[in-house]
Amino acid sequence: MIQSETLELLEWHRLCQHLATFAATKLGATAARHLKIPDSQTESEQLLEQTKEVYQLETRLTTGLSFEGIQDIGDSLERAERGGVLTGDELLAIATTLAGVRNLRRVIDNQEDLPILTELVADLRTYPELEQEIHRCIDERAQVTDRASQKLGEIRTDLRRLRTQITQKLQNILQAKSGAVQEQLITQRSDRFVIPVKAPQKDAIPGIVHDTSTSGATLYVEPNSVVPLGNQLRQIIRREQAEEEAVRRVLTELVAAVKPDLERLLAIATTLDLATARSRYSYWLGANPPRFIQREDKEIITLRNLRHPLLVWQQQHEQGQPVVPVDLLISPQIRVVTITGPNTGGKTVTLKTLGLAALMAKVGLFVPAREPVEIPWFDKVLADIGDEQSLQQSLSTFSGHIRRISRILEALGSKGDEGDEGKFNAPCPMPNSLVLLDEVGAGTDPVEGSALAIALLQYLANHAQLTIATTHFGELKALKYEDERFENASVEFDESTLSPTYRLLWGIPGRSNALTIALRLGLKPEVVEEAKTQVGEATDEVNQVIAGLEAQRRRQETKAAEAQSLLQQAERLYKEVSAKAASLEERESSLRASQEVAVKQAIAQAKGEIAQVIRRLQKGTPTAQEAQQATNALNQIGQQYQPATPAKPKVGFMPKVGDRLRVPKLGQTAEVITAPDQDGELSVRFGLMKMTVKLEDVESLDGQKAEPVVKAKPAPAAVTPPPQSIPEIRTSQNTIDLRGKRVADAEYILDKAISEATSALWIIHGYGTGKLRQGVHAFLQQHSRVNNYEPAEQADGGSGVTVAHIK
């Protein structure tokens, strides 16, 4: 009972309704609205694997998985088994369902790395012969076709012939009695062929009146001459209906014979649709797959940027407020977290968010948090969030709290006697439940309520895996310093605007801020001051310490934001300079390559001409004159292909402070800001960038090279500065591209690349949401072979690329 109450308090049914909108079939939507919560971790992991594989499959397909044609045929299968005769629509639905599921299986079988889905559809029987037989006998309008049976074909041939006879007779009557008919029309009334006759002229065409117009001016008469044909037509129609039913009965018996396989087919199609709905809903939420951890193995609960899924839906579909995420990083030894702070600060939303995250992971949904998502598998999620709790306010009472908490303790399986200290403090074996308590101990005398809350939390520390409790009692904040299993957190409140920020602060107990709010809202200062004296100096000092901690945290966050902004500016400028340098280097390489090609061509041509001279000399005994001619020819060839001696650069330029000069390697003009030193180095500035260059790397604007600096003999004690380290060179062999990969796949590729690397490794992860970059940095930080890592230079991708230096 308490678990169903918890689902209601967490508004689980609303989440299921949202999930159902992503289902493609009626059965999938029904299954999503009545989502079953697994009883074992193994089942949850199986569901998560299904979701992951569908997620992976849909990223490869251009249109995603198609469930076209799959319908709810469960009732039809039941009726077929009980001997009923299915209609044409029902038989057609069965045929399209078989075809739709077969297409699903074909798509899955065409993929290589989907073991869970492949196993799911491995033994699926789609009975193509049954589908073909249904389509042979039933057309697209769900009518039995002529080819369904020979007898039916003959009956319909007779029908068409008889209808033609009746129509011909009526046409003759219309022409012969044109003055008695209202219009030249043959119609039907009660399956009988009739013609419209003017009421005053009814005796002109004797027959049976089957209908009359509203005004009474027209009678619809079946002439006596066609009555026998009409009777004969009705008899043939009844034979046709009987034969159609016989055909459908045969098809129904074929369906009933394979009912167990069709029911299994329907169940598998529903499972696939539900997995697809989970995948699409997870993608819409921007969620990530969770990993179930064992806190006994010292693993930390990690839920960064966790968002409430119902508030995300409200923001997207109902123009709600932006969702403020919370960070939940809970150490393995922590069993109880007390959240304090002012009302409407987001404490209850935090409880509901964590509760929904635990349930979403259990049913195979991704969790709307940043990777990595690591959470225990809780066998029970139990909550006390008031009798009429909503996301805005609490309307619970003390009695309601106590009744529900009693049911929570019963659900935990503990019946300890609080009077027996040994039983009270003894932890239950492997507690694995999540307990969420809102305003624990509230609604009664503060002293007794506080004592009850302390005792309850200490009890839950022994009997639950994790307890999150919100409170206003200051005594609960001290439990952290008495028991290492307790931790404090608080919701932030902006005193300047008297409004909550909805951020969760860890390690800092919160303040109710009641006196501050009262003063800012206009309460007389003397009343507030008197209230402060009633609170006591100790409480005031504690509040001042907490306020100081909050202010210090805000200053640190501001400085971090400023530093990040400066870093981005520097990266942008460096990227511009590096891009120009890379462009120059590329142009230089291109010129060098073209020169090499030209030299090779010239050498080949020169060799050919020299060979011709040698062949002429070899034709006979060379004379002195012929030898001289050959020598002259070789000299001409040498002069023709010998590269021209480059002109010596002009020397004599010496840059001074304020001069403008050119840096050929960078393709930039710069201003001299310091004169050359004894090592021939000077500082220049172009734009916002400053750098040190050598004299041989600069020239005047008219092309003059600088005069070399004559170094003075160094003193014996002088020590030359160490040379600058040569930067690592990026190549295709030391660069790996992880864009588009998930963190788990990227870690495997990274580990292999690091094991083979001998120097620096360039890792391309892109910008995107930052999830992949954070995962890569976390992996590099813990890898034994990585000395350190840093963002790449702007020319190499900036913060979209990380350079790992290998030991």
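## A walk through a predicted 807-residue model

Of the 807 residues of the protein, 41% count as buried, where buried means under 20% relative accessible area, exposed means over 50% and partly exposed lies in between, with a 1.4 Å probe and protein chains only. Before going further, a word on the source: this is a predicted model, in which local features need pLDDT of at least 70, side-chain atom pairs count only at pLDDT 80 or more, and totals for chains, interfaces and linings use all residues. Residues are numbered from 1 along each chain as its sequence is written, and side-chain values use heavy atoms, with hydrogens and water left out.

The secondary structure comes to 22 helices and 25 strands; these are DSSP runs numbered from the N terminus, with helices being H or I of at least four residues and strands being E of at least two. Contacts, meaning heavy atoms within 4.5 Å, reach far along the chain: of those with a separation of 6 or more, 68% join residues 24 or more positions apart.

Let us start on the inside. In soluble globular proteins, nonpolar side chains tend to be buried together. A nonpolar core here is a set of buried Ala, Val, Leu, Ile, Met, Phe, Trp, Tyr and Cys residues joined through side-chain atoms within 4.5 Å. The largest such core has 61 residues, and Trp12, Leu303 and Ile468 have the most contacts inside it. Helix α13, spanning residues 347–362, gives the most to this core, with eight residues. Apart from it lies another core, of 41 residues, which includes Val101, Ile108, Leu152 and Ile268.

Leu303 is a good residue to select in your viewer. Setting aside neighbours within four places in sequence, Leu303 touches Val326, Asp327, Leu328, Leu329, Leu354, Val367, Val373 and Ile375.

Next, consider Pro368, which sits in the loop between α13 and β9. Because its relative accessible area is 1%, Pro368 is buried. Its C-alpha atom is separated by 6.3 Å from that of Asn288, although the two residues are 80 apart along the chain. Beyond the neighbours within four places in sequence, Pro368 is in contact with Ala287, Asn305, Leu306, Arg307, Pro309 and Met360.

Strand β9 itself holds Pro372. The peptide bond leading from Glu371 to Pro372 is cis, with omega near -5°.

Glu371 also takes us to the second largest pocket, where Pro289, Glu371, Arg742, Val743 and Ala744 are the closest to the centre among the 48 lining residues. On a 1 Å grid over the protein atoms alone, a pocket is an open set of points with protein on both sides within 12 Å along at least five of seven lines, whereas a cavity is a set where a 1.4 Å probe fits but cannot get out; lining residues have an atom within 4 Å of a point. About 1500 Å³ of space lies in this pocket, the volume being the space filled by probe spheres set on the points, which are joined across faces, edges and corners. Elements that each supply at least two lining residues include α4 (41–60), β5 (290–293), β6 (301–306), β9 (370–376), α21 (743–756) and α22 (771–782). The lining divides into 17 nonpolar, 14 polar and 17 charged residues; Ala, Val, Leu, Ile, Met, Phe, Trp, Tyr, Cys and Pro count as nonpolar, Asp, Glu, Lys and Arg as charged, and the others, Gly among them, as polar.

Two aspartates are worth a visit. Asp384 is found in strand β10, residues 380–384, and counts as buried because its relative accessibility is 2%. Leaving out neighbours within four places in sequence, Asp384 is in contact with Leu9, His401, Arg404, Ile405, Ile408, Leu436, Leu437 and Asp438. Asp72, by contrast, belongs to the loop between α4 and α5 (74–81), and a relative accessible area of 38% makes Asp72 partly exposed. With the same sequence neighbours left out, Asp72 contacts Lys26, Leu27 and Leu266.

Two loop residues carry positive phi values without being glycine. Ala142, with phi of about 65°, is in the loop between α8 (128–137) and α9 (150–176), and is buried at 12% relative accessibility. Ser190 has phi near 55° and lies in the loop between β1 (187–189) and β2 (192–198); Ser190 is exposed, because its relative accessible area is 57%.

Finally, the cysteines. The structure holds zero disulfides, a disulfide being a pair of cysteine sulfur atoms within 2.5 Å. Cys16 is buried at 2% relative accessibility, and Cys137 is buried with a relative accessible area of 2%.
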